[in-house]
Amino acid sequence: MGKGFMIVCDGSNGAGKTTVIKAIEEHLKSRGLQAVITREPGGTPIGEKIRDILLCPDTPEMCDVAELMLFGAARAQHVQEKILPAIRAGKVVVSDRFDAATLSFQHYARGLDIGLVKQINELALDGFRPDMNIILDLDPVLGLERVHQRGERLDRMETQKLEFLQKARQGYLEQARLSPSMFSILDASRPLAEVVSDALGVVDELIRRHGGQMAVGTP
Ligand code: T5A
């Protein structure tokens, strides 16, 4: 069995990650590849329970370190239970958010020490790294408008001050500046078809780079 790879779709709140990931899933299937679609926080039964705690808007009192460690705990479980087995089986894992989100939100926006945040990320990742982060970059004002249009209640993170979400956005751009080979920044204010087309271009390049070692057929 060949070795798979992992793409992360991340970025500003409401930028269109869920929508773009659906298109990536269809694209991978159309190329005969096995896709595992997942998300953070979440992705496993334990991770989904942690997600409920993290995003519940009724507990704004959560302290910053508890928040960091809960994201880390969910990720550790996600990597061991779901991501590594899928990669070993030659599948393509596509995750809605991953470790870059912790640096953006808990360090750049929340202000937690970068060394501490990296330490929690490293503990959770256990030496693993995703192959590419596709970042949907959007002014959080526009992102929140899109979320409002869906008519859903805002989660605990979305109820943070706008300045917090702006800092998280800048955090992604800064990470991309520091590690350009790990990030593709896409302007998510454009029409969806253009954003999807660019995202699929990134996916095709990764498939090419992996030289068709991935598992094919139904999962
Ligand atoms: N977090 C996460 C941390 O703080 N630390 C961490 O370590 C991690 C992993 C997770 C929250 O937790 C934080 C970050 C987050 O605040 P989430 O569910 O990932 O929560 O967060 P959201 O970004 O809020 O997810 P959403 O589901 O709300 O947004 P999406 O998936 O980005 O957007 P999507 O696809 O649902 O699109 C939103 C709407 O816009 C439309 C869509 O049709 C939809 O109605 N749309 C467009 N409209 C116009 N033009 C386009 N280009 C469009 N693209 C989509």
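Author: A polar contact is a pair of N or O atoms within 3.5 Å, and within protein one of the two must be able to donate a hydrogen while the other must be able to accept it. The structure to which this cut-off is applied here is a predicted model.

Reader: How far does the backbone nitrogen of Tyr 172 lie from a polar atom of the side chain of Ser 104, and which other side chain makes a polar contact with Ser 104?

Author: The separation between the backbone nitrogen of Tyr 172 and a polar side-chain atom of Ser 104 is 3.1 Å, which falls within the 3.5 Å limit. The side chain of Ser 104 is also in polar contact with the side chain of Gln 175, at 3.0 Å.

Reader: Why is Ser 104 called buried?

Author: Ser 104, a residue of helix H4 (residues 99–109), has a relative accessible area of 0%, and since buried means under 20%, the label applies.

Reader: What places the buried residues of helix H2 on the same side?

Author: The buried residues of H2 (residues 45–55) are Gly 47, Ile 50, Arg 51, Leu 54 and Leu 55. They span an arc of only 120° around the axis, and therefore they lie on the same side of H2. The face turned away from that buried side carries Pro 45, Lys 49 and Asp 52, which are exposed.

Reader: What makes Glu 25 and Lys 29 a salt bridge, and how many residues apart are they in helix H1?

Author: Their side chains meet at 3.3 Å, N to O, and because a salt bridge requires a side-chain nitrogen of Lys or Arg within 4 Å of a carboxyl oxygen of Asp or Glu, the pair qualifies. Glu 25 and Lys 29 are 4 residues apart in H1 (residues 17–30), so about one helical turn separates them. In general, an α-helix has 3.6 residues a turn, so residues three or four places apart point the same way. Glu 25, at 21% relative accessibility, is partly exposed, and Lys 29, at 44%, is partly exposed as well.

Reader: Which helix holds both Glu 163 and Lys 167, and why is Lys 167 called partly exposed?

Author: Both lie in helix H7 (residues 162–178), 4 residues apart, or about one turn of the helix, and their side chains form a salt bridge at 3.6 Å, N to O. Lys 167 has a relative accessible area of 36%, which lies between the 20% and 50% cut-offs, so it is called partly exposed.

Reader: How do you know that Arg 190 and Asp 198 form a salt bridge?

Author: Their side chains meet at 3.0 Å, N to O, which is within the 4 Å allowed. Arg 190 is partly exposed at 23% relative accessibility, as is Asp 198 at 32%. Elsewhere, salt bridges that share partners join Asp 64, Glu 67, Arg 110 and Arg 156 into one network, and the count by this rule is 17 salt bridges.

Reader: Which residues come nearest to the ligand, and what makes Arg 150 a polar contact of it?

Author: Of the 28 residues around the ligand, Thr 18, Thr 19, Thr 102, Arg 150 and Glu 158 come nearest. A side-chain N or O atom of Arg 150 is 2.6 Å from an oxygen atom of the ligand, which satisfies the 3.5 Å limit. The protein buries 84% of the 1000 Å² that the ligand exposes when taken alone.

Notes:
Residues are numbered from 1 along each chain as its sequence is written. This is a predicted model: local features need pLDDT of at least 70, side-chain atom pairs count only at pLDDT 80 or more; totals for chains, interfaces and linings use all residues. Side-chain values use heavy atoms; hydrogens and water are left out. A residue is near a molecule or strand if one of its heavy atoms lies within 4 Å of it. Accessible areas come from the Shrake-Rupley method with a 1.4 Å probe; for residues, only the protein chains shown count as cover. Buried means under 20% relative accessible area, exposed over 50%, partly exposed in between (1.4 Å probe, protein chains only). Helices (H or I, at least four residues) and strands (E, at least two) are DSSP runs, numbered from the N terminus. The arc is that of the directions from the helix axis to the C-beta atoms.
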